[in-house]
Amino acid sequence: QVQLVESGGGLVQPGGSLRLSCAASGFTFTRRAMGWFRQAPGEERDFVAAISWSGRDSYYADSVKGRFTISRDNAKNTGYLHMNNLKPEDTAVYYCARGRGPDHDLGWDYWGQGTQVTVSS
């Protein structure tokens, strides 16, 4: 069955960095886009970033542009979210998602369980 397992979250000071990983299994990873979303307490789940099946195209929410980078290693069936210059408002549970198709425009159909990111001094 489809599985997406996030890791790499934790507590970091403002201005710090983290790298989240999403290990995928149970499907052909190279045929699907991959995305990252986040949800802060009491708020809806928001889009953060997405990457096409080949890794050639990527998309970002305005709030993270220039600070976050999405990438993928198709040989390892793993996606990544590199987060730099973290701010307290980045605090949330981060989820990876599988695209319905090879690019992000068809939406998302499976989600991981999430990993907590807390930015605080």
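Which residue lies over the face of Phe27? Arg98 occupies that place, at 4.8 Å from the ring centre. The structure discussed here is a predicted model. Its largest nonpolar core has 26 residues, its aromatic pairs number 4, and its salt bridges number 6. The points below take up the cores, strand β11, the aromatic residues and the charged residues in turn.

**Nonpolar cores**

- Within the largest nonpolar core, which comprises 26 residues, the most contacts belong to Trp36, Val48, Phe68, Leu81, Met83 and Tyr94.
- Two or more residues of this core are supplied by each of β3 (18–25), β4 (34–39), β5 (46–51), β7 (68–73), β8 (78–83), β9 (92–99) and β11 (115–119).
- Strand β3 provides the largest share of this core, with 4 residues.
- Met83, when neighbours within four places in sequence are left aside, is in contact with Gly16, Ser17, Leu18, Leu20, Arg67, Phe68, Tyr94 and Val117.
- Another core, of 5 residues, lies apart from the largest one; its members include Ala33, Ala50, Ala97 and Trp108.

**Strand β11 and its partners**

- The covered face of β11 is made up of Thr115, Val117 and Val119, whereas Gln116 and Thr118 form the uncovered face.
- Strand β2 (residues 10–12) pairs with β11 in the parallel sense, over 3 bridges.
- Val12 has Val119 as its bridge partner in β11.
- The pairing of β9 with β11 is antiparallel and also rests on 3 bridges.
- Ala92 has Val117 as its bridge partner in β11.
- Val117 thus appears in several roles: it belongs to the covered face of β11, it is the bridge partner of Ala92, and it is in contact with Met83.

**Aromatic pairs and the cluster**

- The model contains 4 aromatic pairs.
- Phe37 and Trp108 form an edge-to-face pair, with 5.6 Å from centre to centre and 80 degrees between the planes.
- Phe37 belongs to strand β4 and Trp108 to strand β10 (residues 108–111), so their pairing ties together parts that are 71 residues apart in sequence.
- Phe37 and Trp108 are both buried.
- Phe37 also pairs with Trp111: the ring centres are 4.8 Å apart and the planes stand at 70 degrees, so this pair is edge-to-face.
- This second pair links distant parts of the chain, since Phe37 lies in strand β4 and Trp111 in strand β10, 74 residues apart.
- Phe37 has a relative accessible area of 9% and is therefore buried, whereas Trp111, with a relative accessible area of 34%, is partly exposed.
- One aromatic cluster is formed by Phe37, Phe47, Trp108 and Trp111.

**Charges over rings**

- The charged end of Arg45 sits over the ring of Trp111, at 4.8 Å from its centre.
- Arg98 lies over the face of Phe27, likewise with 4.8 Å to the ring centre.

**Arg67 and its surroundings**

- Arg67 is located in the loop between β6 (58–60) and β7.
- Its relative accessible area is 10%, so Arg67 counts as buried.
- Leaving aside neighbours within four places in sequence, Arg67 is in contact with His82, Met83, Asn84, Asn85, Leu86, Lys87 and Asp90.
- Arg67 forms a salt bridge with Asp90, in which the closest N and O atoms are 2.7 Å apart.
- This salt bridge links distant parts of the chain: Arg67 in the loop between β6 and β7, and Asp90 in the loop between β8 and β9, 23 residues apart.
- Asp90 is buried because its relative accessible area is 0%, under the 20% limit.

**Other salt bridges**

- The total number of salt bridges is 6.
- Asp109 forms a salt bridge with Arg32, with the closest N and O atoms 3.3 Å apart.
- Asp109 lies in strand β10 and Arg32 in the loop between β3 and β4, so this pair ties together parts that are 77 residues apart in sequence.
- Asp109 is partly exposed, with a relative accessible area of 25%, and Arg32 also counts as partly exposed, at 21% relative accessibility.
- Lys65 forms a salt bridge with Asp62, with 3.2 Å between the closest N and O atoms.
- Asp62 has a relative accessible area of 64% and is therefore exposed.
- Arg32, Arg98 and Asp109 are joined into one network by salt bridges that share partners.

Conventions: Residues are numbered from 1 along each chain as its sequence is written. This is a predicted model: local features need pLDDT of at least 70, side-chain atom pairs count only at pLDDT 80 or more; totals for chains, interfaces and linings use all residues. Side-chain values use heavy atoms; hydrogens and water are left out. A nonpolar core is a set of buried Ala, Val, Leu, Ile, Met, Phe, Trp, Tyr and Cys residues joined through side-chain atoms within 4.5 Å. Buried means under 20% relative accessible area, exposed over 50%, partly exposed in between (1.4 Å probe, protein chains only). Contact means heavy atoms within 4.5 Å. Two strands pair if DSSP finds at least two bridges between them. Rings of Phe, Tyr and Trp (its six-membered ring) pair if their centres lie within 6.5 Å; planes under 30 degrees apart count as stacked, over 60 as edge-to-face and the rest as tilted. A charge sits over a ring if NZ of Lys or CZ of Arg is within 6 Å of the ring centre and within 35 degrees of the ring normal. A salt bridge is a side-chain nitrogen of Lys or Arg within 4 Å of a carboxyl oxygen of Asp or Glu.
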